[in-house]
Amino acid sequence: MAAAAAGRAETAEADADEAGRKADHSSSAARAAQQHLTGLAGDLRAGVTDLGAEAAFEHLLAASAVLTAARSGADTALDTQRLCSHPLSWTDDRIRQIQSVDRALGKHQHTQSAESDAAAERRSAEDQEDIRREAARGASVRRREAEEVLAARLEAWQEDAPQLGPVAADLITLGEDATDRMDTSRLTDWLACAATATRSRIDLAGHQLTAATDAALARAEARRAEEAHAEHTAAQDATAQAAAAYETAQQRADDENKADERRRADAHHAHQQTQNDAQAELDALDRARNDAESAAVRETAEWVGEIHSWRSRLTHLAATDIPLPASSTPTAQLETLQPANLELTVARAHTRATVRLQRQADAAGRQVEAATEQVAAVQSDLEQSRRAAPTPPAPAWRTRSPKDGVPLWALVDFIPGLPAQEADRLEGALLVAGLLDALVTSDGRLVGGDLTFTAAAPAPGRTLADLLVVETDPALDADRVRAVLAAIALDTSGRDLAAGQLAHGVLTAGAPDGYQAAFIGRTTRERVRRQHVARLEQDLAAALDLQSEAQDELTRRRQDIADADVERDSLPPAARLLDARADAARRRRAADDAERRTAQLLADARLTLHRTLTVLDTATAQRTTRVAAAAREHQHAQETENQAATAAKDAQDLATRQTATARHSEQIRAQAAAAQKAADAEQADFPHQAVHAVTTAQHDEDSAEGELTQARSDVLKAAHRHQEAGKAVSDALRALNRAATLPDGSLLPTEPQRLQTHQAAVNQLTGHIQAWDNSGRRVTDLFTRADADRQQADTLHQRCTLARQEADKALRSAREEAAAPSPRCAPCTEPSTKNSAHTGTPPPRHSSRPKNTPMPCTTDNRPPVKQPAPPAPPWKPSPRCARTPRTHAMHTCVGSADWSTNTWPPSPTTCPPTPPAAPPTSPPDSPGPGACSPTPQAEPTASPP
């Protein structure tokens, strides 16, 4: 349980580190997006200035400043789609008007050309009408002549057509009126029906099918008779072959019986030889295993001495965090020392040192980041203040476009000589009342979602016109602005403008305390901007000094961490010790594998002998079966020969009868073919050409009449189009003038080249708006993602802390359980087993013992032997497992001893150690090296071989 809790704590710490790095990466991406947005805002501002659309893009440019100065997701909560909708509406309106002018120009040119073409078309249509009238009269005469020729030829044809029969009289009789026509389609249908009826009556296809079927049946019966004769001959040959096979099978069975007796003797000899070879291999591997174990003990003692020397030279890593066995430790105990545990102890000591050094470096890094962010924020504010003067804040619900009007503060200035205090109170009262940023329109029309001045008559007494004057070159008519100022009264009962109070209807606005004018007048706006720039330049110099000092401190802390890494990496390697132990383990495994392999080899030899004897017995039974099968085959062949002789005689009789039937069917087919040939000749002699001539003449007459009708209709249509074309020229000229007129009364260029240049500028501005929209959304998304990543990192750090606490609790529970011994087996009572345990020699794996004798109490079939308790560990455990901060270091809450590998002394840890117990064979779910140990057994046993 303690190992699992420690694993969860380590996983939680790794997740927290990854979340922190992800949050830092998101913040860097957001700042890069802000820089890209700054460049796009500059291009957008240049395009707006060229087209004179500053008022329409005022909010979009202000939003650019907000996004480039943002430092968190809350600062970027802007609706970029709404901000871009008004500029895009302005560009769409302008593009649509340009396209309307272009279409009007094309339409005017087209209507002038259409009027000329309509006059020429009318003259041509009248000439075509006269030509088509004469052509229609000639086509009627030619059609009548062709019908008379066809009637004469049909009379002559039906006299020589006995198979198809005479033609109906109503199909070839001509009417008295010249307009009556002969119906050639009915005549053609009659011929097709007559030919079909004659073909059905003769039924040549049916007779041909019958003759072919009878002939095929005759041929099939002849082939069947030949096949029956061949089968009879083959049956005779098969009978002779079956008799020879029966005699051969008897002779082969005698020869195979003699060979099987020799194979039986060879199998017994091979089994005995395998047993002798396996025993010789086991003796050689036992000698090699003993030599390798002695070499591993010598290498362990030498490596422990090198580690003592290395620990005495440490500077950053604490020597007390790396406990080692004493130089006087017995050799038998050094065999259980694991280099991996010592490397893990060194890694933990390095982790504790690195945590301390990294905590100092992180603090220095945070100071650098804070100083860098402060420098960037001041620089961004300074750059924004240098570019533009401030504007009054806009309410969230307002959507304003340049064509709506101009705010009051952009049109007026204070009168010369007005004291600064009065100017401050006046502007503050106008700001609170909502009049400072209200729209002034040229015609006084209302604007939805905004405040608009609609006064038409001057107010009595003092008004704003007494304190404010119109700016030089205002965006609206100066008289209109003066009229608005004169309509706002200042002398209201119970209100004093000198105290910053301005009454407007039932509402009274009071200027904020200490408010200073910042928007009315170009001089005032420039003064406020310069003051703000000066303050920001002082802040920037102080932030740069702090950033330099923090960077120097961070460099020193990182060097300390690098020195600690060098001490950790200088740990003497345990390659020779590991190689010697690996060789000993390999020798042990080889001996164990040889023992298992020998047992398997002997089992395989016994199985091979058994299989050989089984195969020989099976072969004897198969030979007996084969001889019996050959006898049955010979008898079956004789019966088949008799059946084939009877079938051959029956097939020959049936073939003779079917041949006579086929000859009779062929005679009937020849008579039907002659009758059908005569009918086909009569159909071919039918006067098809005369019918086609009549059909062609009728079609020509219909075409001529249709063309005459179309010519008359074309004359009427041409006259109407000529009249309509004249009206279209006048309408196109009026539409061109309307399309080119702008809302302010000016005109768009109607010269095609200038119109295209203006349209290209508007299209480029649209592209800048769309690029700004995408960049603004990216800034907002990246800051939102950075905030989410930082919040997730904080959450994972909290989980890491909880996991560490759970690991501490699990470790304390494990130590409490380890304090109570729990014997689990019956006492060992087998004398032979005890003797082998005292001598250090393991008992045979498959040793025999008396019935009902209890087994020894071990997990690997070795007898338990009591040994003296091991000495106390030479370190003082920490009271609890320490929690490591956000680093890549390993966790420190692990077990004190690696019981699964019989390690003693236990590996150093911050968890209190527990004395070692009997080393059980590691189950599949036992904790690995470095984990908190499970509950120890009742008492220790002898060290494993």
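Rings of Phe, Tyr and Trp (for Trp, the six-membered ring) count as a pair if their centres lie within 6.5 Å, and planes over 60 degrees apart make the pair edge-to-face. The exercises below apply to a predicted model.

**Exercise 1.** State how many aromatic pairs the structure holds, and classify the pair formed by Phe57 and Trp90.

Solution. The structure holds two aromatic pairs. In the pair of Phe57 and Trp90, the distance is 6.3 Å centre to centre and the angle between the planes is 75°, which is edge-to-face. Phe57 lies in the loop between helix H1 (2–51) and helix H2 (58–69), whereas Trp90 lies in helix H3 (residues 80–158), so this pair ties together parts 33 residues apart in sequence. Phe57 and Trp90 are both buried.

**Exercise 2.** Repeat the analysis for Trp157 and Trp190.

Solution. Their centres are 6.2 Å apart and their planes stand at 90°, so the pair is edge-to-face. Trp157 belongs to helix H3 and Trp190 to helix H5 (residues 184–202); the pair therefore ties together parts that are 33 residues apart in sequence. For burial, the cut-off is under 20% relative accessible area. Trp157 has 7% and is buried. Trp190, at 19%, also counts as buried.

**Exercise 3.** Describe the surroundings of Glu567 and determine which side chain of opposite charge is nearest.

Solution. Begin with location: Glu567 is found in helix H11 (residues 522–569). Next, leaving out residues up to four places away in sequence, Glu567 touches Trp310, Leu314, Thr315, His316 and Leu317. Last, consider charge: the nearest side chain of opposite charge is Arg356, 8.2 Å away. A salt bridge requires a separation within 4 Å. Glu567 is thus buried yet has no salt bridge.

Methods: Residues are numbered from 1 along each chain as its sequence is written. This is a predicted model: local features need pLDDT of at least 70, side-chain atom pairs count only at pLDDT 80 or more; totals for chains, interfaces and linings use all residues. Side-chain values use heavy atoms; hydrogens and water are left out. Helices (H or I, at least four residues) and strands (E, at least two) are DSSP runs, numbered from the N terminus. Buried means under 20% relative accessible area, exposed over 50%, partly exposed in between (1.4 Å probe, protein chains only). Lys and Arg count as positive and Asp and Glu as negative; His and the chain ends are not counted. Contact means heavy atoms within 4.5 Å. Rings of Phe, Tyr and Trp (its six-membered ring) pair if their centres lie within 6.5 Å; planes under 30 degrees apart count as stacked, over 60 as edge-to-face and the rest as tilted.
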